[in-house]
Amino acid sequence: MPLVEPSLLEILACPACHAPLREEAAEAELVCTSDTCGLAYPVRDEIPVLLVDEARRPA
Ligand SMILES: [Zn+2]
């Protein structure tokens, strides 16, 4: 079961750099696909929280 609807994921973009996002189901996160950004946004109750303040920085 996807974290978010594929049609929704398609129109979402990273709020920090506007790159597309990919789903990281194991972590329940949407991860920015930009190599230089790479922020990971949490998905809570099937709602993606696309806030830079809530995002996890890549290690
Ligand atoms: Zn980004």
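**Exercise 1.** Which strands form a hairpin with two residues between them, and which residue in the turn has a positive phi?

*Solution.* The model is predicted. Strand 3 and strand 4 form the hairpin. Asp45 sits in the turn, with a positive phi of about 50°. Strand 4 covers residues 47-48. Two bridges join strand 3 to strand 4, and the two run antiparallel. Take Val43: the bridge partner of Val43 is Pro48 in strand 4.

**Exercise 2.** Find how strand 2 pairs with strand 3, and decide whether strand 3 is enclosed or open.

*Solution.* Start with the pairing. Strand 2 and strand 3 run antiparallel, joined by three bridges. Glu29 stands opposite Pro42 of strand 3. Now check burial. Buried means under 20% relative accessible area. Four of the five residues of strand 3 are buried, so strand 3 is largely enclosed by the rest of the structure.

**Exercise 3.** Identify the residues that coordinate the zinc ion and name the geometry of the site.

*Solution.* Begin with the donors. Cys14, Cys17, Cys32 and Cys37 each bind through SG, at 2.2 to 2.3 Å. Their spacing in sequence is C-x2-C-x14-C-x4-C. Next, the angles. They span 97 to 114° among the four donor atoms. Four donors count as tetrahedral if all angles lie between 85 and 135 degrees. The zinc site is therefore tetrahedral.

**Exercise 4.** Cys17 and Cys37 are 20 residues apart. Locate each one and classify its exposure.

*Solution.* Cys17 lies in the loop between helix 1 (6-11) and strand 1 (21-24). Cys37 lies in the loop between strand 2 (29-32) and strand 3 (40-44). The pair links distant parts of the chain. Cys17 has 32% relative accessibility, so Cys17 counts as partly exposed. Cys37, at 16%, is buried.

Terms used
Residues are numbered from 1 along each chain as its sequence is written. This is a predicted model: local features need pLDDT of at least 70, side-chain atom pairs count only at pLDDT 80 or more; totals for chains, interfaces and linings use all residues. Side-chain values use heavy atoms; hydrogens and water are left out. Donors are N, O and S atoms within 2.8 Å of the metal (3.2 Å for Na, K and Ca); water is not among the atoms, so sites may look incomplete. Four donors count as tetrahedral if all angles lie between 85 and 135 degrees; four count as square planar and six as octahedral if opposite donors are over 155 degrees apart and all others between 65 and 115; anything else is irregular. Buried means under 20% relative accessible area, exposed over 50%, partly exposed in between (1.4 Å probe, protein chains only). Two strands pair if DSSP finds at least two bridges between them.
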